[in-house]
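Got your viewer open? Load the model shown here and keep the selection box handy.

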Amino acid sequence: MDLSVKILPATNDVHGGVIVDLKEPMDSEDFATLLRSSLLHWKQQGKDGVWIKLPIELVNLAETAVKEGFWYHHAEPNYLMLVYWIPKTGCTIPPNASHRVAVGAIVLNDKKEVLVVKEKRGGFHGIGVWKIPTGLVDAGEEIFEAAIREVKEETGIDTEFVEVLAFRHTHNSFFGKSDISFICMLCPLSFDIKKQELEIEAAQWMPFKEFADQPFNQMHEPFKYMIELCLAKVEKVYNGFSPRPVSSYFVEELNYLYLNSHGLDKSS
């Protein structure tokens, strides 16, 4: 690398900081020299936060950055993100993502049977409980897309999304992170089950009353509420939240607002 370049290549972010996206290998000592001169330059420019995105191939530079005052912000499979705050004022760099987003899918057929599974691993394994399909929402995936996908992956059943019935907020669930779990209702479009072999021990259509009467569901309040909401929805005395595509000033693609549209569309 040409050391006549006195600072690291960087782009400005919208919050008054800079982002360094390193791609080329370099010696740790050369990196330290460039990093020190870069920090001095950015300080003179009045910059605030400094982000360094280190690809996994350049992990040897992480120790050098930490010794210069950087700290870990987050990591993905192919990179590590480090940050530094230049001003003497309080740091306003946002923390790493604090939540995981999950879905649970209630799929009811015309016989008032619910689609349930037994898992091969996890907290429900080995306790004899039949549960609804659940899973995490992927990055860039909508809640309704995740619910449809999880049902398909675990049971082979195709579905149509109906509504979000409720959501639950829990804490300290996964390495100190919080969870938001959306309970969704879906309508089946197919009925022949083909269970996933890796994670699912068994899958079946179960009479809803039999599912609801499981001792586990009766002992745990969140599951009791889930059952009550499902019955209320079937009896048409409860309206959940359905996705409505909306445009935004900040992004080009459509995104979704989840709302209770009861009464909103009557005049349209």
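What follows is a tour of selections, stop by stop. One thing before you start clicking: this is a predicted model.

**Stop 1: the two domains**

Colour residues 10-85 one way and 99-259 another. Those ranges are domain 1 and domain 2 in the domain assignment of the protein chain. Take the centre of each over its C-alpha atoms, and the two centres come out 41 Å apart.

**Stop 2: the largest nonpolar core**

Now select Leu8, Leu22, Phe31 and Ile52. In the largest nonpolar core, which has 21 residues, these four touch the most other members. Add the elements around them: strand S2 (18-21), helix H1 (28-44), strand S3 (49-55), helix H2 (62-67) and strand S5 (79-85) each put at least two residues into this core. Which of these elements gives the most? That's H1, with 5 residues. As background, nonpolar side chains tend to be buried together in soluble globular proteins.

**Stop 3: the second largest pocket**

Next, select Glu76, Asn96, Ala97, His99 and Arg100. Of the 15 residues that line the second largest pocket, these lie nearest its centre. The space in this pocket is about 430 Å³. Show strand S4 (71-76) and S6 as cartoon, since that's your frame of reference here: both give two or more residues to the lining. Colour by residue class and you get 7 nonpolar, 3 polar and 5 charged residues in the lining. Put the domain colours back on, too: domain 1 (10-85) and domain 2 (99-259) each contribute at least three residues to the lining of the second largest pocket.

Stay with His99 for a moment. His99 sits in strand S6 and, at 32% relative accessibility, counts as partly exposed. Draw a C-alpha distance from His99 to Phe174: you should read 9.2 Å, for a pair 75 residues apart in sequence.

**Stop 4: the largest pocket**

Clear that and select Ala102, Phe124, Lys131, Thr134 and Ser181. You're now looking at the largest pocket, with about 960 Å³ of space. The five residues you picked are the closest to its centre among the 31 that line it. To see what frames the largest pocket, show strand S6 (99-107), strand S8 (134-136), helix H3 (143-155), strand S9 (159-174), strand S10 (177-188) and helix H6 (221-234); each gives the lining two or more residues. If you're thinking about ligand-style features, the lining of the largest pocket splits into 14 nonpolar, 8 polar and 9 charged residues.

**Stop 5: two more long-range pairs**

Pick Ile143, in helix H3. Ile143 is buried, at 13% relative accessibility. Measure across to Pro243: the C-alpha atoms are 8.8 Å apart, with the two positions 100 residues apart in sequence.

Then jump to Ile127, in the loop between S7 and S8. Is Ile127 buried, exposed or partly exposed? Partly exposed, with a relative accessible area of 44%. Its C-alpha partner for this stop is Phe216, 89 residues away along the chain and separated by 9.2 Å.

**Stop 6: two unusual backbones**

Most residues other than glycine have a negative phi. Select Lys112 and Asn172 for a look at two that don't. Lys112 has a positive phi near 60°. Find Lys112 in the loop between S6 and strand S7 (113-119), where the residue is exposed at 58% relative accessible area. Asn172, also not a glycine, has a positive phi of about 55°. Asn172 belongs to strand S9 and is exposed too, at 66% relative accessibility.

**Stop 7: the cysteines**

Last selection: Cys184 and Cys230. How many disulfides does the structure hold? The count is 0. Why is Cys184 not bonded to Cys230? Because the sulfur of Cys230, the closest cysteine sulfur to that of Cys184, is 12 Å away, too far for a bond; the cut-off for a disulfide is 2.5 Å between sulfurs. Viewed from Cys230, the closest cysteine sulfur is the one in Cys184, at that 12 Å. Switch on a surface and check both residues: Cys184 is buried, with 0% relative accessible area, and Cys230 is buried as well, at 1%.

Notes
Residues are numbered from 1 along each chain as its sequence is written. This is a predicted model: local features need pLDDT of at least 70, side-chain atom pairs count only at pLDDT 80 or more; totals for chains, interfaces and linings use all residues. Side-chain values use heavy atoms; hydrogens and water are left out. On a 1 Å grid over the protein atoms alone, a cavity is a set of points where a 1.4 Å probe fits but cannot get out, and a pocket is an open set with protein on both sides within 12 Å along at least five of seven lines; lining residues have an atom within 4 Å of a point. Grid points are joined across faces, edges and corners, and a volume is the space filled by probe spheres set on the points. Helices (H or I, at least four residues) and strands (E, at least two) are DSSP runs, numbered from the N terminus. Ala, Val, Leu, Ile, Met, Phe, Trp, Tyr, Cys and Pro count as nonpolar, Asp, Glu, Lys and Arg as charged, and the others, Gly among them, as polar. Domain bounds come from an automatic or database domain assignment. Buried means under 20% relative accessible area, exposed over 50%, partly exposed in between (1.4 Å probe, protein chains only). A nonpolar core is a set of buried Ala, Val, Leu, Ile, Met, Phe, Trp, Tyr and Cys residues joined through side-chain atoms within 4.5 Å.
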